[in-house]
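With the model open in your viewer, follow the stops below in order, selecting each group of residues as it is named.

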Amino acid sequence: MAKINFGGTEENVVTREEFPLKKAQDVLKEETIAVIGYGVQGPGQALNLKDNGFNVIVGQRENSKSWDKAVADGWKPGKTLFPIEEALDKGTIIQYLLSDAGQIAVWPTVEKYLKPGKALYFSHGFGVTYKERTGIIPPKDVDVILVAPKGSGTSLRRMFLEGRGLNSSYAIFQDATGKAFDRVVALGIGVGSGYLFETTFQKEVFSDLTGERGSLMGAIQGIFAAQYEVLRSNGHSPSEAFNETVEELTQSLMPLVAENGMDWMYANCSTTAQRGALDWWKKFRDASLPVFKDLYSEVAKGNEAQRSIDANSQSDYRVKLEEELKELRESEMWNAGAAVRQLRPENQKK
Ligand SMILES: NC(=O)c1ccc[n+]([C@@H]2O[C@H](COP(=O)([O-])OP(=O)(O)OC[C@H]3O[C@@H](n4cnc5c(N)ncnc54)[C@H](O)[C@@H]3O)[C@@H](O)[C@H]2O)c1
Ligand SMILES: CC(C)(O)[C@@H](O)C(=O)O
Ligand SMILES: [Mg+2]
Ligand SMILES: [Mg+2]
């Protein structure tokens, strides 16, 4: 385990250099990894593990879209693809990758197959942290571990295929066998993590729910929508408003931030832009700080978890989510976005 200084704070991290793939394969050579659920994280993690040489099977509801997707991805029914109960029975490591609401519904079945010495693996601290709401209380004689890739399962797979790696956090909730650390890190390396940073189940779920509701997804759409509206209401065309709000950010400026930080992106813009951005970012911080405080408090109280459980346990939750996504897609801003994407030279050639 390396200690790395992150802006003045030392943290435990595990890199591929100190825990190479060969070591991970060695740690897990006797294990059967059962990936339960084949939605977004399931495919990314299962395919990366398989391509990294681990013994992986997939457990998924039969006669579902996800089952068909697993078959299309090369998983073989009866050999590497099984109904959930069969996979739970065969697995020594159970990677519980159903949706967080789905995990509650299927938990009584999972519990039956958690024989002593097995490992129960999550990619979110949700089920265990909010146990009063989920009923997910693992038996004492299994390892309970977490690897949470910090990004979409789609990116996890894409970055693996590009020879890159998505960073993940890892945590141990329960070490029943004495092997929990080696198991969790080996799995983290196996699923294609860039590096792994240490957390707890509770810290993971509090930060993750805050991040996705905040700057990663919720807040960013809110800021886009507000700026777009102001530009449009002041007579700017959709083209101009979309380019000045979204397209320039994703295509030109964020890649610069990703490469070398915010100050470097600023330094590559005009001094006019730098002066303004340096003045205004603090106003945006101060305006949004109370909203972020409210958000974190709602997460910590469990209210966000409950809202998600209530909504996503409905039988028609997918239809309802899709209706709201459609509303977003069909808003003027994102319709303009579709036209702008079409006009990118690389898309015109197709
Ligand atoms: N989506 C991501 O990229 C991502 C990123 C990091 C962590 N996570 C975490 O990984 C886990 C899996 O998330 P996901 O987004 O891949 O899930 P998902 O919503 O895509 O669902 C995964 C699978 O669960 C199945 N499922 C749902 N309800 C079920 C039920 N009642 N019975 C049986 N099967 C059911 C679905 O068929 C689907 O194949 C969650 O804990 C999530 O928080 C997800
Ligand atoms: C990909 C995210 C947003 O990081 C993840 O947390 C999720 O819930 O899908
Ligand atoms: Mg999340
Ligand atoms: Mg996340």
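Begin at Asp-208, which, leaving out residues up to four places away in sequence, touches His-124 and Ala-148. Bear in mind throughout that this is a predicted model. If you colour by secondary structure, you will find Asp-208 in helix 10, which runs over residues 201-213. Is Asp-208 buried or exposed? Asp-208 is buried, because 20 other C-beta atoms lie within 10 Å, and 20 or more is the count required for that class.

Keep Asp-208 selected and bring up ligand 2, whose surrounding residues are Gly-151, Ser-152, Asp-208, Glu-212 and Leu-216. By class, this shell around ligand 2 is made up of one nonpolar, two polar and two charged residues.

Next, add the positions that carry a record annotation: the unreviewed UniProt entry places the feature "binding site" at Asp-208, Glu-244 and Glu-248. These positions span 41 residues in sequence and their farthest two C-alpha atoms are 28.8 Å apart, so they do not all gather at one spot. Centre on Glu-244, and you are in helix 12, residues 238-260. Glu-244 counts as partly exposed because it has 14 C-beta neighbours inside 10 Å, a number that lies between the limits of 12 or fewer for exposed and 20 or more for buried.

Now move to ligand 1 and select the residues around it, which number 24, with Gly-39, Val-40, Ser-66, Ser-99 and Gly-102 coming nearest. The elements that supply two or more residues to this shell are helix 2 (41-51), helix 5 (100-112) and strand 8 (143-149). Which element gives the most to the shell around ligand 1? That element is helix 5, with four residues. Colouring the shell around ligand 1 by class would separate nine nonpolar, 13 polar and two charged residues.

For the last stop, stay with helix 5 and select Val-110, which has its place there. Val-110 is buried, as 20 other C-beta atoms lie within 10 Å of its own. Setting aside its neighbours within four places in sequence, Val-110 is in contact with Leu-88, Ile-94 and Tyr-96. Finally, draw a C-alpha to C-alpha distance from Val-110 to Glu-85, and the viewer should give 7.7 Å for two residues that are 25 residues apart in sequence.

How values were computed:
Residues are numbered from 1 along each chain as its sequence is written. Chains are lettered from A and ligands numbered from 1 in the order in which they are written. This is a predicted model: local features need pLDDT of at least 70, side-chain atom pairs count only at pLDDT 80 or more; totals for chains, interfaces and linings use all residues. A residue is near a molecule or strand if its C-beta atom, placed from the backbone, lies within 6 Å of it. Ala, Val, Leu, Ile, Met, Phe, Trp, Tyr, Cys and Pro count as nonpolar, Asp, Glu, Lys and Arg as charged, and the others, Gly among them, as polar. UniProt positions are given in the numbering used here, feature names are shortened, and annotations may be inferred rather than shown by experiment. Two residues are in contact if their C-beta atoms, placed from the backbone, lie within 7 Å.
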